[in-house]
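The following exercises concern a predicted model. Each task is followed by a solution that proceeds step by step.

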Amino acid sequence: MASAVLKGGAGRIRRSLVTLTFIGPALLGLAIFLIYPLIAAIYFSFTRFDMFNPPVWVGLDFWKYVLFDDPTVRIAAKNTLVFVVLMVPARMVGALLTAMLLNAMKRSRSIYRTLFYLPALAPPVTATIAFVLLLKPGTGPVNTLLAKLGIEGPGWFNDPNWAKASLTLLALWGVGDLMIIFVAALLDVPQDLYEAASLDGANRWQKFRFVTLPTISPVLLFATITGVIGTLNYFTQAAVAGSVASGQVTSGSGIAGTFGYPENSTLTYPMRLYSIGFSNNLFGAANVMAVILFVVSMGATLILLRRFKAFTGGGR
Amino acid sequence: MNRKQNFLGFVARHAIGIALAVMFLAPIVFLFLTSFMTSNQTLTSNFWPQTWHPGNYAEAFQKAPLLRYIGNTFLYAILATVFMVVSSVPAAYALSKLKWRGRNLTMILIICMMMLPPQVTTVPLYMMWANAGLTGSLWPLILPMLLGDAFSIFLLRQFLVTIPDEYLDAARVDGAGEWRTLLRVIVPMARPGIAAAAMFQFFYAWNDYYGPFLYTSENQESWTISLGLASFRSLHHVEWHLVSAATLLTMVPVIVLFFFAQKAFVEGVTLTGVKG
């Protein structure tokens, strides 16, 4: 449609050049920040190297090391999987329930939406520090309230059995971004479908199950997969919570010393990837971990790309 | 009967709504109250400050170079945002409104890049920046924005596809070139989308911890507020009142920006949710 105005060879070349000036920088960016580091990571995963000397080919040594010999990698991978299983469903259900509540409101919807959304704006470091303070064992306000109810509060971030649950609560607190997406999706469900369902005698649950869920399922899928990928690179909150709750003096990269506090219960895969490279100087092993992380995340992305039309079709 | 039910529903909804709002706001309120307490009181289980100490804020600034951290963070956030807009708006235009070979492949690569955990490329990119002598500064996080940002391109493209082609055709019939069309037609119409993308970029940089942690850990001169705060607590470990004061301050720019541009922001979040 659009090309009806300019036709002929010279025009076409000129148009290609103009297009290139628009997209060229982005293509260069993809080459430098996506293609090159991916290929380099695969190559480095077969080598031993530090930052200063040329890499030495060691074949599968680091692959063997990461897959079989380093128990900490396994702990970190397991923790990350537990976080995926805990946080993704918790956030999905939390966001959906609050979004449905908001959509049942009329005039007050936007006020509540802002209030529920505010925590999602808090910088992750801020939010994490606030939660460590809130859940301080003994004197923290949550345990103080529990004590008034006659319940002895848990050690939260200081108890390896509770640290993951504490981080999940923190993730749930910032659920507002997902909630806004769901509010919009719910508003798009055609009202006449509900009316038709009512005429068929459907109750509330049936309307939710057979009208709401199927209509918003593309958004749910998108949110699930982006949630899984987001949790696979979960780093900041776990690193800061460990450092702040441990109460040890750490600053800058010294924070790696408190990674996983308490007892490796919050050590995530990306945290181990960082420390195995930058603290243990096993950059080959770090790249093995990176390649594995890449394969897992791209698996999830491929599922999304099968719905490629949702991205490129123009939507409407 | 029906009216009574409606009324009960109204009360129930607002009861749940208010309870949830209290839960969502409690951590921030508690941080606020703690920031006015004395050091000793933070070790007790009282919620309410016995005496209010606004001086804690000044003391927090004395205990750590917060002003420099804030300045670094603003520099990072503002430059990254400006660079992103300059490079990503034309890219999003090419991906949504121009036809060229390789367009779909480029779009797939951009989605892959958007979904790629940053840790995957950490080591090769760190080496690249170390060779360029730029580790220890925030430039490794700022300069790449000149070559577009995958998430922003995606977001802007989602916005631009909603602009009808007729506007572009009209501009072309009038003899406008592509640059002119972009600057005079697309940019003004896409202002809300650009505002949303810019805010996301600003927030991202302002909140970013992993990037500054990776590149500036060893050089405290370049620390951002996220990095400074995370170590603030461990350097002054029992002083929760100062930590709370400093921590709250990091939320101020975000909240101010949000209240000024709430509409664009909510639209932006919605666009990233991808309608099926």
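**Exercise 1.** Determine how many salt bridges the structure holds over all chains, and state what the pair B:Glu239 and B:Lys63 ties together.

*Solution.* Over all chains, the structure holds ten salt bridges. In one of them, the side chains of B:Glu239 and B:Lys63 meet with an N to O distance of 3.2 Å. B:Glu239 belongs to the loop between α12 (225-235) and α13 (240-260) of chain B, whereas B:Lys63 is in helix α2 of chain B, so the pair ties together parts that are 176 residues apart in sequence. For the burial of each partner, the cut-offs are under 20% relative accessible area for buried and over 50% for exposed, with partly exposed in between. B:Glu239 has 17% relative accessibility and therefore counts as buried. B:Lys63, at 34%, counts as partly exposed.

**Exercise 2.** Locate the partners of the salt bridge between B:Lys97 and B:Asp165 and classify their accessibility.

*Solution.* The closest N and O atoms of B:Lys97 and B:Asp165 are 3.0 Å apart. This pair links distant parts of the chain, with B:Lys97 in helix α3 (residues 66-97) of chain B and B:Asp165 in helix α8 (residues 165-173) of chain B, 68 residues apart. Because its relative accessible area is 9%, B:Lys97 is buried. B:Asp165 has 26% relative accessibility and so counts as partly exposed.

**Exercise 3.** Describe the salt bridge between B:Lys263 and B:Glu267, then identify the residues of the salt-bridge network that includes A:Arg15.

*Solution.* In the pair B:Lys263 and B:Glu267, the closest N and O atoms lie 3.3 Å apart. Both residues are in helix α14 (residues 262-272) of chain B, with a separation of four residues, about one turn of the helix. B:Lys263 is exposed because its relative accessible area is 65%, while B:Glu267, at 31% relative accessibility, counts as partly exposed. The network of salt bridges links A:Arg15 with B:Asp169, B:Arg172 and B:Glu178.

**Exercise 4.** Characterise the packing of α3(B) against helix α9 (residues 178-189) of chain B.

*Solution.* Two packed helices are described by the angle between their axes and the distance between the axes. Here the axes of α3(B) and α9(B) come within 11 Å and cross at roughly 100 degrees. The range from 65 to 115 degrees counts as roughly perpendicular, so α3(B) is roughly perpendicular to α9(B). On the α3(B) side, B:Val89, B:Pro90 and B:Tyr93 make the contacts. Their counterparts in α9(B) are B:Glu178, B:Thr181, B:Leu182, B:Ile186 and B:Val187. B:Glu178 also takes part in the salt-bridge network with A:Arg15.

**Exercise 5.** Establish whether A:Val88 is buried or exposed, and describe its surroundings.

*Solution.* A:Val88 is found in helix α3 (residues 71-104) of chain A. Its relative accessibility is 10%, so A:Val88 counts as buried. Leaving aside residues up to four places away in sequence, A:Val88 touches A:Phe83, A:Thr224, A:Gly227, A:Val228 and A:Thr231. A:Val88 and A:Leu172 are 84 residues apart in sequence, with their C-alpha atoms 9.5 Å apart in space.

**Exercise 6.** Identify the residues that make the nonpolar surface patch of about 540 Å², and place B:Trp48 in chain B.

*Solution.* The patch is made by A:Leu145 together with B:Phe32, B:Phe47, B:Trp48 and B:Trp52. B:Trp48 lies in the loop between α1 (2-34) and α2 (55-63) of chain B. With 57% relative accessibility, B:Trp48 counts as exposed.

Definitions and conventions. Residues numbered from 1 in each chain as written. Chains lettered and ligands numbered in written order. Predicted model: local features only at pLDDT ≥ 70, side-chain atom pairs only at ≥ 80, totals over all residues. Heavy atoms only, no water. Patch = residues over 30% accessible without salt bridge, like charges linked within 9 Å, V, L, I, M, F, W, Y side chains within 5 Å. Areas by Shrake-Rupley, 256 points an atom, 1.4 Å probe, with all protein chains shown as cover. Salt bridge = Lys/Arg side-chain N within 4 Å of Asp/Glu carboxyl O. Helix = DSSP H or I, 4+ residues; strand = E, 2+ residues; numbered from the N terminus. Buried < 20%, exposed > 50% of the residue type's maximum accessible area, 1.4 Å probe, protein only. Axes fitted to C-alpha atoms, helices over the stretch in contact; angles between N-to-C directions. Parallel < 35°, antiparallel > 145°, perpendicular 65-115°, else oblique. Contact = heavy atoms within 4.5 Å.
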